[in-house]
Each structure stands twice: as C-alpha cells, then as structure tokens.
Amino acid sequence: MSTETRPAPAPRSLNPSARVLMGPGPSDVHPRVLAALGMPLLGHLDPEFVALMDETQSLLRHVFRTENRLTLAVSGTGSAGMEAVVVNLIEPGDKMLVCVNGVFGGRMVDVAQRAGADVTAIERPYGEVFDPDEVKVAVNRVRPKVVGIVHAETSTGAWQPVDEIARIAHEAGALIAIDTVTSLGGVPVEIDGWEIDAVYSGTQKCLSAPPGLAPVSFGPRAVEVINQRKTKVQSWYLDMTMIQRYWGSDRFYHHTAPISMNYALREALALVVEEGLEARHTRHLQNHLALKAGLTAMGLTYATVEGHQLPQLNCVRIPDGIDDLSVRRRLLQEWGIEIGGGLGSLKEKAWRIGLMGHSCRRANVTLLLGALETCLRDLGHGLTPGAGLAAASESYAEVGQPVAAAG
C-alpha cells in the first residue's frame, strides 16, 4: 500500500472583502492603525518595545482618565479583560454582586462563579438600566467584596450611570468593577472621577483597533486586595501579581506579548488623543442623533429605554413582518454593510447598529439609511421614500456637521 501523500493544493491569496463595519464590533480600522500592524517586529523585551509599552500605558491612562499605575493592555480580547479583573479580585468564597441587564452582565456572573465567587445577581429587563436605590438595597443585603456592572451593555445599547453606584459600593466597604468594552473612546469614562476600582475594555469597539488586546486599570484599593491575596490567582496567564512586573519597571518576563497588536493599539490611542476625547464624544453623539432621526422617520423604534441610549450602539426593534436575517444578509451582499442581530431576549427582535470609532462617520450614516430603506420598502414595510435621509440631514443641520476624525 502506497504511503505517498498528495501535495496540498496551493491556497489562494488572502483577499477579504471590503466591508463597512456598523455592527456591535469590530469597527472599521483607520489606515494608520492597519499600517502599524505591518511594521517590523521587535522582541518583547527590546528597549524600543519597552518604551512603546510605557507610551501605551500613558495613553491608556489618558483615555481612561486615571492616574492608576497598574494600567495596561492584557494580551487577549475584551472577555480576557473581564476575566483578568474578576479572577484577580475574587478568591474562592468571596461574595460578588453582579448587575445583569444584558448578555455581558450575565457573562460576568459566569466568570465570577468559575472563579469560586459566591455570586448574587440582580436583574433588569434587556434595554433598561439600574436605579442606584435598588443596587443599594442589594449591596446592604449581600455585603459583597466586589460589585460588578456593565457601563455600556453591548447586547442592548443601554448606557448605565455608574458614579452613584460606585459611591454606594464604597460606603459598604466593597470594590466596584465596571465593563467599558463598548464605552471607552465613545462616551465619557472617568475612572478617577467616579472612583472606580477596576475597569476593563476592548480594542475593537470605539478605539477602532483590531480585536486582540484588553485595556485594564486597577486603582489603589484593588491593587491592595490583589497584593494581599491568600490564594493564588485562578489563572496563571491573567495573574496581575506577575503581569504587573512585566509592565512595571523590572520588566520581569511573563509571556511573549503580541507585538503587532500593541503597535496597533498605540496608534489607535494616538488617534484618540489627537482628536481629543471631548471632540470624539461629540462626534459619536452627533452621528447618533442623525441616525436616530433617520430610523425614527422610517418607523423604527429603539429597544433601549429613552435617556440611556448609547450613541455608539443603536439597538432598534425589527418591524413586524420583517425577517431579521434576510435584511442583514442583503445589506452585506449588496452594500457591504455589516450590522448585528439581537442577543438573548432580543434575538431576531432587534438590530444592533454600531457607530464606533472610525466607523462613526456621516457617510456611513447616510449609506445605511438609504440601504435599509430599500430593504424595508421591498419587504412591504410602509414608509415615505427618502424620509430617513431627510430627517438625518435635518439633524445634521441642527447639531452641526461632525468634525472629521483625526488622521
């Protein structure tokens, strides 16, 4: 019997289709960030790369609005950031209170349980936010070590105020940890101003870098808890007692950092700083208002409670009689536009439309409104032709033309 193997067929050249990324992430990536990914590799302990790590830390502190020394980029996606925060603060048997109003609050519960926490979850329906008083009642009842809450719930577009909840946690002697995966770079995040103890984010949303790193920051109270642990951190890979030595002054080897992704994050953060945080937040709000005006004129309503709708993540209900997947498929095939479907209780009931970072542009708003109108009209959804674009144009006239992003 012959042991000869056939040669593998030669693979085609990699050539991904051009897309307009207007889903819940990833977002479009700026050409400068793409160029950074192709720069020559350095060793992970090369003095030039060490200097880049220092610069990235400084930029992250600026964007997080914090002076926390332990601020860095975890090698992994936003979910790795969630795990890093939870497993470093939680020891087996510790009590954790998690506020759940969407998929990612639920994920925090799962992560905390896997870390051995005694977890209590309080819940609000998808699209709603928590009132500080209900959190206070739960905190006083549970007396947790850590309170976890999502600042920007990616599954619903709900924008949760957290400053008062942080105060409540601290009055009870608890730490507060927040998820800013979708909020960082799109709406104000004030880690020191709100006295947040631990925070995690991701690179692929409003920072507009590829997915692959998770910015995190730990305040003094959290660092003290980490340094006084009685047990080892559940995850060797995410153990801040070791990672902080790699990102700190002694540069103790822990793992080989993803060099190219760190280049990309550095360049993405530089673009944020060049634009200015306030200007960036204004750009997201202006484009959101125009998109919302257009969608409303087309008869679409938001699944998120009024007054707490994220500018960068628009969660809108699918009209009766309209098939979710057929619309999203057509948008992708004919216009190259990606939007997201609903998750959890909103599955097949809502679309998630992202206006994040480099994707948050007037051209994208008008492109989507025109394409979506065509899809809805062809499926029999009654609307006035051109109403969405006209409403968006009027909104821009009222709030002003968004200033172009840096770069």
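Is Glu267 buried or exposed? At 14% relative accessibility, Glu267 counts as buried, since the cut-off for that word is under 20%. Keep that residue in mind for the first view, and remember throughout that this is a predicted model.

**View 1. Arg266 and Glu267 meet in a salt bridge.** The closest N and O atoms of this pair are 2.7 Å apart. Glu267 is the buried one, at 14% relative accessibility, while Arg266 counts as partly exposed at 22%. There's a wider web to look for here: salt bridges with shared partners link Arg32, Glu55, Arg266, Glu267 and Glu274 into one network. Across the whole model, the count of salt bridges comes to 21.

**View 2. Glu190 reaches Arg65 across a long stretch of sequence.** These two form a salt bridge, with their closest N and O atoms 3.2 Å apart. Glu190 sits in the loop between β8 and β9, and Arg65 in the loop between α2 (47-64) and β2 (70-75), so the pair ties together parts that are 125 residues apart in sequence. Glu190 is partly exposed, with a relative accessible area of 24%. Arg65 is partly exposed too, at 44%.

**View 3. Helix α6 has a salt bridge and a set of buried residues.** Start with Glu171 and Arg167, whose closest N and O atoms are 2.2 Å apart. Both belong to α6 and lie four residues apart, about one turn of the helix. Glu171 counts as exposed at 52% relative accessibility, whereas Arg167 is partly exposed at 36%. Now look for the buried residues of α6 (residues 163-171): Ile165, Ala166, Ile168, Ala169 and His170. What do they pack against? Their neighbours are α5 (132-142), β5, β8 and α7 (220-227). Just after the helix comes Gly173, which takes a positive phi of about 80 degrees.

**View 4. Strand β8 is largely enclosed by the rest of the structure.** Five of the five residues of this strand (residues 175-179) are buried, which is why it gets that description. In a regular strand, side chains alternate between the two faces of the sheet. You can follow that pattern here: Leu175, Ala177 and Asp179 point one way, and Ile176 and Ile178 the other way. Buried is the word for all of them.

**View 5. Strand β8 pairs with β5 and with β9.** Five bridges join β8 to β5 (residues 146-150), and these two strands run parallel. To find your way along that pairing, look for Ile149, which stands opposite Ile178 in β8. The pairing between β8 and β9 (residues 198-200) is also in the parallel sense, over three bridges. Here, the pair to look for is Asp179 and, opposite it, Tyr200 in β9.

**View 6. Three strands make an open sheet in the order β11-β14-β13.** The pairing in this sheet is antiparallel. Its edge strands are β11 (313-317) and β13 (340-341), each pairing on one side only. Two bridges connect β13 with β14 (residues 350-354) in the antiparallel sense. Which residue of β14 is the bridge partner of Gly341? That's Trp351.

**View 7. The cysteines Cys206 and Cys375 are both without a disulfide partner.** The disulfide count for the model is zero. For Cys206, the nearest cysteine sulfur is that of Cys360, 7.9 Å away. For Cys375, the closest cysteine sulfur is in Cys315, 18 Å away and so too far for a bond. Cys206 counts as buried at 0% relative accessibility, and Cys375 counts as buried at 2%.

**View 8. A nonpolar patch lies on the surface.** Leu285, Leu289 and Val399 make it up, and together they have about 210 Å² of accessible area. Leu285 is found in helix α10 (residues 277-297). At 40% relative accessibility, Leu285 counts as partly exposed.

**View 9. Ala35 and Gly106 are 37 Å apart in space.** That distance runs C-alpha to C-alpha, and in sequence the two are 71 residues apart. Ala35 has its place in helix α1 (residues 31-37). Ala35 counts as partly exposed, with 47% relative accessibility.

Conventions: Residues are numbered from 1 along each chain as its sequence is written. This is a predicted model: local features need pLDDT of at least 70, side-chain atom pairs count only at pLDDT 80 or more; totals for chains, interfaces and linings use all residues. Side-chain values use heavy atoms; hydrogens and water are left out. Buried means under 20% relative accessible area, exposed over 50%, partly exposed in between (1.4 Å probe, protein chains only). Two strands pair if DSSP finds at least two bridges between them. Patches are made of residues with over 30% relative accessible area and no salt bridge: like charges are joined within 9 Å, nonpolar side chains (Val, Leu, Ile, Met, Phe, Trp, Tyr) within 5 Å. Accessible areas come from the Shrake-Rupley method with a 1.4 Å probe; for residues, only the protein chains shown count as cover. A salt bridge is a side-chain nitrogen of Lys or Arg within 4 Å of a carboxyl oxygen of Asp or Glu. Contact means heavy atoms within 4.5 Å. A disulfide is a pair of cysteine sulfur atoms within 2.5 Å.
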